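Dear colleague,

Please find below the structure that I am handing over to you. My findings follow it.

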Amino acid sequence: MSAADRSQAGIYWQSRMGNNSDGIGGNCHRYDIVTTNEAGQAVRGRLVVDYGIKIHNGGGAYDCSFPSPEALFAKRGQPDPAHAPDALLLTHSHEDHLGALKHAIDMGYRLPPIHCTSFTAELVKKSLAGAGIIEPERRPEIHVVKPSETIAVGGAEVTFVPVDHLPGASALLIRTREAAVFHSGDYKFDSTLALGERANPEQLRRIGKQGVDMVLSDSTAAGEDRPKVTEREIGRHLEAIVAGQRGRAVVAGVLGTQLDRVVSLGRAAKTNGRLLVVSGASLVQNIQAAERAGHSLEKAIGAPILLAKDAYGIPADRALVVTTGAFAQPMAGLTRSAEQQPGALYIGGDTTVIIPQRAIPPVQAAHRAMVERLDATGARVITAERAEEMGYGAIHQSGHAIAADTKLLYTLLKPRQSVSPMHGAPGQIEANAEIARSLGIKPLVLNENGAVVRVTKQSVEIVDREALPRIGARETGDTKQLPRAKPGEGRRPRPPAIYRYDRLDQAGEAVLSRDVESYDGPARTPRPPRDQRAR
Amino acid sequence: MDDPNTDALTWETLTWQDIQAIGMALAEAHPAEKILALTPERLTRLVADLPGFAAGAADPDDFTLSAIVTAWIAAEDGDDESSPFDYLA
């Protein structure tokens, strides 16, 4: 299939992977800018927005797919091809929006300059360092953008508009003389989140008054038409739970990126005279990254945060320990405690366990098994579902826009041409589209990736479709060779994995060829024979 | 079979590129350090003061310092990855 014609003036949007018929993930969008500058000269540019992974399995070996970098980025050591983008813009730091960066680099590609807010930048560094990508020549340039800042890039003016989701999460307003597109990223409206900048309805209303031709919006929870629970309300419910546990140890299991929930738990601990203790490398790393990015959890809580190593002398009933494992992932703190693994945090009959996160379908079986194990220890286990049954109220709310949020966004922005729902299951996409229709806005529903959509002030039209292969990544068992340490010196973190990359079809199912790119990184440490592997 | 990650190299070979080894060395040398409050300046000094750290090494960039902190925390707490499904929460 030949490349689509993108020669007429306008903004060309293409979902490379993000409107998937097989589920959420691998978010990546290409924007081609065709415009003129103030002198009337033709200007062309290209932007890539997000580059994430889609996870295929709920546990076990890492298995994911992502948009092929072959037609997106330049190969390292080679001149820029015609398709090389001017910049890669990241909306936020979840793996489905940036998790493929390390894979493209390992496949030998050179990433363009990245523009993102400070917390996202920190987690890009963490992701690449965790994958063993530390050499300056393989790392991308990272440019930190302030919330609400507008940058000139790729022939467009791009504003990073704060939204409520994760610290630093941003929608992108991409504006040229010919058109303006509002790319929501993942968002919701919750003015009570503690970390980062809040979505500002007045700012969004001003953007709408300046003119927005098209809105691309998150559909993940658009079908949830019920009253919203704010993080402040969740915090009050958590305070009530902790208040009722005098004399008992309290352990909470969260997700490593759920930092606003950690703040709510920290405030619940403080109100009840407990010290907040965090345990679990991924959680501590993210808290440290937030501190580096200027989002201090300690300031938000108003009390110090202790690490597990600092908390040995504290009586169990004077602490609230937050650890990882809300989705029962292997190696997480709560999972290891439930399985009573050596060295894991003790949980028993004198412990209350709070899991302020609903299980999602891919992890429900593992989550159920973990809760059963925790119940078997004699602990009082309060899941998100049980908290409501017990009368405490909600202790979880989706991080994504529900129906009321979606309606508010469209009401503020008043898109002139269209809305394209993305990032959701088919039912949520349709629910999002129906909200647009109810407001008199024509939705453009794309059930697959590859459509090339031209946006101008006069129209939104699909001008062509392109076939877009995906790449599948699976752990090979080999690892990258690390700088070495003498035996017994420190606990050795697991070395970064080496992956096998396969080319998949558009649906991510059929393997068309294997090992499409040879691994292009540091030295390889072969997987040891089975009888010599550490357990 | 010898573990290829543990043979001849010693701390004397450490440079700023040895992220994981530096993380492990810091965990050993500074168990009481308050990592959440660590400034780039203090981290740079702690690494430069590690016994045998390559003298005269150029100052690290921000990426390197960030990676070292990540490795330090992993060395203290062990493997513990975020759920790959965090994004659906």
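I begin with chain B of this predicted model. Helix α1 of chain B covers residues 19–29, and 9 of its 11 residues are buried, so the helix is largely enclosed by the rest of the structure. The buried residues of α1(B) are Ile19(B), Gln20(B), Ala21(B), Ile22(B), Gly23(B), Met24(B), Ala25(B), Leu26(B) and Ala27(B). Their packing involves both chains: they lie against α3 (118–130) of chain A, and also against α2 (40–48) and α3 (62–77) of chain B.

Turning to chain A as a whole, I note 13 helices and 28 strands. Its radius of gyration is 24 Å, close to the 24 Å that the globule rule gives for 535 residues, so chain A is as compact as a globular protein of that length. The C-alpha trace of chain A spans about 70 × 55 × 40 Å along its principal axes. Buried residues make up 54% of the 535 in chain A. Among the contacts in chain A with a separation of 6 or more, 74% are between residues 24 or more positions apart.

A second helix deserves attention, namely α12 of chain A, which comprises residues 403–413. Its buried residues include Ala403(A), Asp405(A), Thr406(A), Leu409(A), Tyr410(A), Leu412(A) and Leu413(A). The elements of chain A that cover the buried residues of α12(A) include the strands β14 (180–183), β15 (214–218) and β22 (418–422), as well as the helices α4 (201–210) and α13 (426–438). Just after α12(A) comes Lys414(A), which takes a positive phi of about 45°.

Finally, I draw your attention to a sheet in chain A. It is open and is formed by 8 strands with mixed pairing, in the order β10-β9-β7-β3-β2-β1-β23-β24. The edges are occupied by β10 (142–144) and β24 (460–465) of chain A; each has a single partner strand, so one side of each is left without a neighbour in the sheet. From one strand to the next, the twist averages 25°.

In general, strands of a sheet pair through backbone hydrogen bonds, either parallel or antiparallel. Here, strand β23 (residues 451–455) of chain A runs antiparallel to β24(A), and 5 bridges join the two. Within this pairing, Arg454(A) has Glu461(A) in β24(A) as its bridge partner.

With kind regards

Methods
Residues are numbered from 1 along each chain as its sequence is written. Chains are lettered from A and ligands numbered from 1 in the order in which they are written. This is a predicted model: local features need pLDDT of at least 70, side-chain atom pairs count only at pLDDT 80 or more; totals for chains, interfaces and linings use all residues. Helices (H or I, at least four residues) and strands (E, at least two) are DSSP runs, numbered from the N terminus. The radius of gyration is taken over C-alpha atoms; the globule rule is 2.2 Å times the number of residues to the power 0.38. A residue is buried if 20 or more other C-beta atoms lie within 10 Å of its own, exposed if 12 or fewer, and partly exposed in between; C-beta atoms are placed from the backbone. Two residues are in contact if their C-beta atoms, placed from the backbone, lie within 7 Å. Two strands pair if DSSP finds at least two bridges between them. Axes are lines fitted to C-alpha atoms, for helices over the stretch in contact, and angles run from 0 to 180 degrees between N-to-C directions.
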